[in-house]
Structure formats: structure tokens, C-alpha cells
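Hello,

Here is the structure we talked about. Please open it alongside this note; my findings follow below.

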Amino acid sequence: MIEKKFWNGKRVLITGHTGFKGGWLSLWLKFLGAEIAGYSLNPITKKNFFDQTKIKKIFKKDIRKNIQNLKDLSKCIHSFKPEIIFHLAAQPQVLESYAQPFNTIKTNIIGTANLLEIVRKLKYVKAVVVITTDKVYRNANENIKFKENSALGGDDIYSSSKASADILTYSYNKSFFDKRTSLASVRAGNCIGGGDWTKFRILTDSINSFESNKVLKLRNPKYQRPWQHVLEPIAGYLMLAKKLYSKDGSKFSGAWNFGPNSKKHLNVYQFAKLLKKEMRSKSKIKLFKSKDNKEKHTLDLNSQKAKKFLKWKPLLKIEKTLSLTAAWYLASKKKQDMMKFTLNQIKIYSDLINKRK
């Protein structure tokens, strides 16, 4: 279970709090009673989860600085004195890394190094969760499920930068971190849910088309992805952070996968058709094969470690995931109170976790 008793009053820093996943995590922690601070750049898209849910007011500190700046990050951490840190600040896109390779490297590698270098000298930080991605694995399109000890790598700068951040986390843990502070990296990807407006993503492209009944053009419609609702891996992050915080926290340091259960995942076309139905859209879907092929055909994770040692498990089938996601965007279009709406979805998911036990 994810207990309010543990999280109530805990001082938690989230880097990347203005992003999609960082926003959902922030609201869940607020729901649990934590005192939270955020360190991030401004949202990268005009439409974004942070502004639509109006969550700025939930933070004790809302600092808009670059993770690349060691001095600014250090000042933030020393002033807030967090007990737990979730590190999500990143350049999060494969295609953007082709346009901005060096900035991607500085943000994803140097930014992570900055955080770890500061924290290794502090006594009050008890647990650090570094969020990387499922794309850290060396992927030869062999249709296998990657385990935490699978080889890391990346053909593109985004993937290699995240793999580097993951290796760096492991090295810092082995070299400097002891039982005083526990450190882990978590790997998940293809998270969907309300409020993600990041460009070059199938969800964003689909929502933009379906909301206005315009034609949706799909590149690489046969590519498969392990889509999961954003709350699924976040639940794992919260469970892991609690374990890291405990007196046996060092036993939970290291890498963790959080992926969906399905033996066969939807391809891009199947995903779009189901989402179109949930959005009650009249859009047409047109298929074409991208000539500029920079993405892998398949990608999947083995999450047995999290299931065994954290008692975590994904709870939502893809149909329910798309239903919750579509409901969020439809509610937003009707200008509902999106913080209240999002908190309600978090409560629904939390109740599922509690019922499972």
C-alpha cells in the first residue's frame, strides 16, 4: 500500500516538476500530505499539465532554474533540506536530441551528476530516486523483455544520455553513497495520461486531431510499445522511495523496471483506433511509413524484480488506461477543474491498490 501515514509531512524535492510525469507525481504526493518543492525550467509546451491543473500553489518552493547549474541547484537543496528526492528533470525526447544533442547531454548527464554530487555530501537526504527511461537498454529489435542487468546503450543521443545517467547513478552509489542515503534508478517508458502535450508523441498527435475531428497521420503504424498509465510506474516510484528511506534502504538501491503486464502490446494503429473511440471523434486515420526512421520497432521490460521485492504490479488494462486518459482530455476541453479531476483519478487508482491488498 501507499500509505499517507508514511508520506504525511515528508519533505520531498521533485526536479522536473513542471513536466507531465513530474506534475502527476507532485499531485499524488500532495494527496498523501507531503511537503513538496520543485526545481525545473518552465513547461516546454504552451498547453501543459502544470498550468492546466493550476498546481503551482501546492509547492512550498517552486524554483525555475536549469538543472545544469550546480550553484542554483545546490542553493535549492540546502534551503529546502529534502528527505527524499525524485529526479525527473531531463530533455525527454528522442527526436529533439537530434536537433539539440549537446544540450541533451548537458541536461541528462551533467544535470544528474550535479544532483548526485550535491547529495553525496548531505546527511538529511535519506533516499534518491533517479528516473531514467526504458530506452536505456541496447535495443537490437530482437523482441525481448529487458531485465535490469541487460546491456545498456543507445543509438540516439537521448537514449545514450539516459543510459549514461543510469550508469553514473550506479557508479555514485557504489563509490560514495552508504547506508545513510539510498540511491536507485527507475526505468519505465511510454507513459500516457491526461495533460501530456509533448510534441512528436502519438498521444499528443492523436488528441490534437481527435479534439478537432481532423485527420490523424500515423508514422510507423505497426510499431509496438508497452503503453501504461502514468500512475502505474509512479506507484512503483513511491513504493521504492519508502523502501529506500527505511533502515534497510541500501538493500533496495540499484536499478528497477516498471512496465505493463501484456504479453502482446498494441501497435500504434491499434492504439490510435481505441483512443479515437474513447474520444468519440469522427477523425480519419491515415497511415504512412516514415522515411526518417529513428525509433525502435519494439521495446518491452521485465518487471519481475519490482513485483517480487516491492509487491508492485500494474493494475490497469490498456482499455482502462485509454479510458482514463480520454476522460481527462474531454474534461479539460469542457474547462472543468483539472486539479480536482486529476486528484479524483489518483484517488480511484489509490483505491485499486488498497483493494488489491
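**Sheet, central strand and a helix pair**

Start with one residue pair: Ile84 stands opposite Ala127 of β5. Please bear in mind that this is a predicted model.

That pair belongs to the match between β4 (residues 84–87) and β5, which are parallel and share four bridges. On β5's other partner, β7 (residues 182–187), the pairing is also parallel, with five bridges. There, Val128 has Leu183 of β7 as its bridge partner.

How many residues of β5 are buried? Five of five, across residues 127–131. Both faces are covered. Ala127, Val129 and Ile131 are buried on one side, and Val128 and Val130 on the other.

Now the whole sheet. It is open, has seven strands and pairs in parallel. The order is β3-β2-β1-β4-β5-β7-β11. Which strands sit at the edges? They are β3 (61–64) and β11 (254–257), each pairing on one side only. From one strand to the next, the twist averages 15°.

At the β11 end, β7 and β11 are joined in parallel by four bridges. Arg187 is bridged to Asn257 in β11.

Two helices to look at against the sheet:

- α6 (residues 101–119) lies across β4, β5 and β7, and runs at about 170° to β4.
- α9 (residues 231–245) packs on the sheet and touches β4, β5, β7 and β11. Its direction makes about 150° with that of β5.

Next, a helix pair. Two packed helices are described by the angle between their axes and the distance between the axes. For α8 (residues 202–211) and α10 (residues 268–278), the axes come within 11 Å and cross at roughly 40°. That crossing angle makes α8 oblique to α10. The crossing is right-handed.

Which residues make the contact? From α8, they are Ile202, Leu203, Ser206, Ile207 and Phe210. From α10, they are Val268, Phe271, Ala272, Leu275 and Lys276. By type, the contact residues split into eight nonpolar, one polar and one charged.

If you view just two places, I suggest β5 with its partners β4 and β7, then the contact of α8 with α10.

Best wishes

Notes:
Residues numbered from 1 in each chain as written. Predicted model: local features only at pLDDT ≥ 70, side-chain atom pairs only at ≥ 80, totals over all residues. Heavy atoms only, no water. Buried < 20%, exposed > 50% of the residue type's maximum accessible area, 1.4 Å probe, protein only. Pairing = 2+ DSSP bridges. Axes fitted to C-alpha atoms, helices over the stretch in contact; angles between N-to-C directions. Parallel < 35°, antiparallel > 145°, perpendicular 65-115°, else oblique. Left-handed = near helix turned anticlockwise from the far one by under 90°. Contact = heavy atoms within 4.5 Å. Nonpolar A, V, L, I, M, F, W, Y, C, P; charged D, E, K, R; others polar.
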